[in-house]
Amino acid sequence: MAAAHRAEIEDTYAEAFRSIYAEVLITARDRIWLDHAVKAATGNASSSILCDCEAGLDRHVDTKETPDGRPGAVVQFHVPALS
């Protein structure tokens, strides 16, 4: 007999859509300018329902991992995919 496993389930809401996306690496001279660049790149693109695309910060990238040795961030842009 299999052992019973218990997990707490948090009642939240999520939705998913088919999309085409691109990832872009942004680098800047320091974290302050990087944050400004990320905010400018993603702007108000918080929902493809009200905007042409969704955009957001995926992750920060260490200076050892960027091609120019500067602080970096990967942003994603998603547009709805045609069925």
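**Questions about a small sheet and its helix**

Author: Start with Val38. Leaving out residues up to four places away in sequence, Val38 touches Ile26, Leu57, Ala73 and Val75. This is a predicted model.

Reader: What makes these count as touching Val38?

Author: The cut-off is heavy atoms within 4.5 Å, so each of these residues has a heavy atom within that range of Val38.

Reader: Why is the group with Ile26 and Val38 called a nonpolar core?

Author: Its members are Ile26, Ala28, Leu34, Val38, Ala73 and Val75. A core needs buried residues of the listed nonpolar kinds, joined through side-chain atoms within 4.5 Å; these six residues meet that, so the name applies. This core is the largest one. Both α1 (31-42) and β3 supply at least two of its residues.

Reader: How much of the protein chain counts as buried?

Author: The share is 19% of the 83 residues. Buried means under 20% relative accessible area, so that share of the residues falls below this limit.

Reader: How do you know that β1 and β3 pair?

Author: Count the bridges. Strand β1 (residues 19-27) and strand β3 (residues 72-80) share nine bridges. Pairing takes at least two, so β1 and β3 qualify. Their sense is antiparallel. Look at Tyr21, whose bridge partner in β3 is His78. Glu23 stands opposite Gln76 in β3.

Reader: What makes β2 and β3 a pair?

Author: The reasoning runs along similar lines. Strand β2 (residues 54-61) and β3 have seven bridges, and at least two are needed, so they pair. This pairing is antiparallel too. Arg59, for one, has Val74 in β3 as its bridge partner.

Reader: Why are β1 and β2 called edge strands?

Author: The open sheet has the order β1-β3-β2. Each of β1 and β2 pairs on one side only, and that makes them the edge strands. From one strand to the next, the twist averages 20°.

Reader: Where does α1 lie?

Author: The helix lies across β1, β2 and β3. Its angle to β2 is about 160°. Angles run from 0 to 180 degrees between N-to-C directions, so α1 and β2 point in nearly opposite directions. Along the chain, the elements run β-α-β-β from the N terminus.

Reader: How confident is the predictor in these elements?

Author: Mean pLDDT is lowest for β3, at 93, and highest for α1, at 95. The scale goes from 0 to 100, so even the lowest of these means sits toward its upper end. Over the protein chain, the average is 87, and 89% of the residues score at least 70.

Conventions
Residues numbered from 1 in each chain as written. Predicted model: local features only at pLDDT ≥ 70, side-chain atom pairs only at ≥ 80, totals over all residues. Heavy atoms only, no water. Helix = DSSP H or I, 4+ residues; strand = E, 2+ residues; numbered from the N terminus. Buried < 20%, exposed > 50% of the residue type's maximum accessible area, 1.4 Å probe, protein only.
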